[in-house]
Amino acid sequence: MVAVLTLSFIKPHNPTVTESTLAGQDFRTPVLRRSFRKPYPVAVRGEGVYVWDADGNRYLDFSGSAAVNFIGHGVREVSDAMVEQARQLEFVHTSQFTTPVAEEFAQELLDFAGEHFRGGAVYFTCGGSESVETALKLARQYQVEIGQSERHQILSRNQSYHGSTLGALSVSGNRKRREIYLPMVREFAHIGIPYCYRCAFDCTDDCHNCGQQYAAELDSAIKASNGAAAGFIFEPMSGATLGAVTPPPGYLQGIAEICRRHGVLLIADEVMTGMGRTGRNFAVEHWEVAADILVAAKGLSSGYAPLGAVIASKKVVDAIANGSGAFLHGFTYNAHPVSVAAGRAVLRRVQSLNLVHAADSNTEGTAGFALKNALESLRDLDSVGDVRGLGMLWAVEFVSNKKTKAPFPPEKNFAGLVGQACLRRGLLVYPMQGCVDGTTGDHLLIAPPAVIADEQIGWAVQQLRAAVEESA
Ligand SMILES: Cc1ncc(COP(=O)(O)O)c(C=O)c1O
C-alpha cells in the first residue's frame, strides 16, 4: 500500500503505535527515505535540546541527531551568519577563488587543532564521508610526493565506521553497512579493535595490559603489506558501530609509534569525536597522540550546514607544496562559503559558551559529568550490560544475560525496541545493532548537545530507564 504523505505522520507519543503494528506497511513518499517500513515524524522546529514535529510533539534530542548537534538547535547567530554570507556571496568555485570566510576559518581550525597543526592546512568538504575520501587520497598523494609511490594501502580496524561512499566503506568494518557493496570495493587489511567489555584477550585487569597486544597487530599488518602501507585510519573512540568504546591504556600511543616507525601516516577520523564532543578539542588529546591528518564533520557545523574538514599537518602539506604543487582532488562544493560561515559561527559559539569544558565528563559540575553519572545509574537494570563513553559521547549496551554477557537474538532488535519506546516518550536516542560480531549485539548511542541542563539529563535518563524496562 502506498501511504499518502499526510497519512504517514504518526503521533510518536502514541503508545499504541509500535514497530509490530506497522510491520509490512509501505510508507512510500516522493522522498527516498532510509526505510519504507516505518513512518517518520515530520520535524518542523528546533530550539536548545528540543525538536518539534508537525503534530506539536516535543522531543528531547538525547543523541544530538547522530552525534551531530553540539551547540543546541535554533541558534540565531549561526543562521544569521549563514544569511549574511549568502547575501554577500553565495558561492564561488575553488578552482577560481578563495574566500575570506574559508581562509579565516581554516586558520581558526588549525589553532583549535593545536600546536601540532601549526603551519598545516585545511580542506573543507560537505561532510564526513567526503572528508574521509579526501584524507585517503591525501595520504596516498603524500607518499607519492615523497618518492614512496609503492605505498597505496590504507589499513584500518574491524568494527569501525568511516562513511558510506565506496572508498570510506573499504576502510570501514561495519559489516551490515558494507556487506552487499563488498564486490565493489578494494579492500586492505583490517586489524582487531580493542573492545574492553568483550576483550579478545579475556583480560581480568580491566584491559590495563592488552593495549600493546592490539597495537602489535598493526605492526604485523604493515609488515605484511610489504612496503605498500600508506596510512592507517582509526576512530580514537569507536563511534556508532561499537558504541563509544574508549581505547585501553597505551594502545593509541603504541599505534602512533608504530606508524611513525614505518613511515605510515596516522589518520584520526574524528568525524564523531572531534570539535569538543569528548571534552577535548579533538579526542586524540586524551591520549596525547599527534595525528598527521585529522578528519572532522558533524560537530564542525553542529548540523547547521553540510560541512566536513580534513586538517593536514605541515609535514603533509609541505610534501605537496614542495613537490608537484597541486592536490589532485576536488569537489564542486568544497569550501562552500555558506557552510563555512556556519562552521565559523558554530566554533565561535563553542568557544564563547566554553562548551568543550562543559562536555568534559571528568570535571565535576559539567554537563558531561552529570551525563556520565546519570547513565551509570542504569547499570542496575537486568538488561544493561555496559555503560561506557567519555565527554558527551556514551553508549548503553544491552544483554539478555548480565553474567554471561549473552546478547539478545538480533531478530528481537532490542535496541530498536528501546529506541521506539524512547521516541514514544519524546526522547531521541541512536539505536544500533552488531557490536558483538557485526550482526548480534544491541546498544544505544547517547550524544546530546553540550548545552543540556542537569534537569533535562535527569528527565531523559528516567525516560530511558522506563523504555528499557518496557522493552525487556
Ligand atoms: C567516525 C565517522 N566517520 C565518518 C562518518 C561519515 O560521515 P557522514 O555521514 O557525514 O558522511 C561517520 C558518520 O557517522 C562517522 O561516525
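Here are some questions and answers about this predicted model, covering its ligand, its cavities and its cysteines.

Q: What makes the contact between S129 and the ligand a polar one?
A: Start with the cut-off: a polar contact is a pair of N or O atoms within 3.5 Å. A polar side-chain atom of S129 lies 2.6 Å from an oxygen atom of the ligand, so the pair counts as a polar contact.

Q: Which atoms put D269 in polar contact with the ligand?
A: On the ligand's side it's a nitrogen atom, 2.7 Å from an N or O atom in the side chain of D269. The limit is 3.5 Å, so this pair counts too.

Q: What about K298, and how much of the ligand does the protein bury?
A: A polar side-chain atom of K298 lies 3.0 Å from an oxygen atom of the ligand, which is again within 3.5 Å. As for cover, the ligand taken alone exposes 390 Å², and the protein buries 83% of that.

Q: Which residues surround the ligand, and what classes do they fall into?
A: The shell is made of G127, G128, S129, Y161, H162, G163, E235, D269, V271, M272 and K298. Sorted by class, that gives three nonpolar, five polar and three charged residues.

Q: How do you know where empty space is left?
A: You roll a probe the size of a water molecule over the atoms. In this structure, the search turns up three cavities of 30 Å³ or more. The largest cavity has a volume of about 50 Å³.

Q: What lines the largest cavity?
A: Its lining is R157, I193, P194, E235, P236, M237, S238, V245, T246 and P247. Six of these are nonpolar, two polar and two charged.

Q: How many disulfides are there, and why is C203 not in one?
A: There are zero disulfides in the structure. For C203, the nearest cysteine sulfur is that of C199, 3.7 Å away. A disulfide needs two cysteine sulfur atoms within 2.5 Å, so C203 doesn't make the cut.

Q: Why is C203 called partly exposed?
A: Buried means under 20% and exposed means over 50%. C203 has 26% relative accessibility, so it falls in between and counts as partly exposed.

Q: Where is the nearest cysteine sulfur to C259, and is C259 buried or exposed?
A: That sulfur belongs to C210, 18 Å away, and C259 is in no disulfide. C259 has 1% relative accessibility, which is under 20%, so C259 counts as buried.

Key
Residues are numbered from 1 along each chain as its sequence is written. This is a predicted model: local features need pLDDT of at least 70, side-chain atom pairs count only at pLDDT 80 or more; totals for chains, interfaces and linings use all residues. Side-chain values use heavy atoms; hydrogens and water are left out. A residue is near a molecule or strand if one of its heavy atoms lies within 4 Å of it. A polar contact is a pair of N or O atoms within 3.5 Å; within protein, one must be able to donate a hydrogen and the other to accept it, and residues adjacent in sequence count only if both atoms are side-chain atoms. Accessible areas come from the Shrake-Rupley method with a 1.4 Å probe; for residues, only the protein chains shown count as cover. Ala, Val, Leu, Ile, Met, Phe, Trp, Tyr, Cys and Pro count as nonpolar, Asp, Glu, Lys and Arg as charged, and the others, Gly among them, as polar. On a 1 Å grid over the protein atoms alone, a cavity is a set of points where a 1.4 Å probe fits but cannot get out, and a pocket is an open set with protein on both sides within 12 Å along at least five of seven lines; lining residues have an atom within 4 Å of a point. Grid points are joined across faces, edges and corners, and a volume is the space filled by probe spheres set on the points. Buried means under 20% relative accessible area, exposed over 50%, partly exposed in between (1.4 Å probe, protein chains only).
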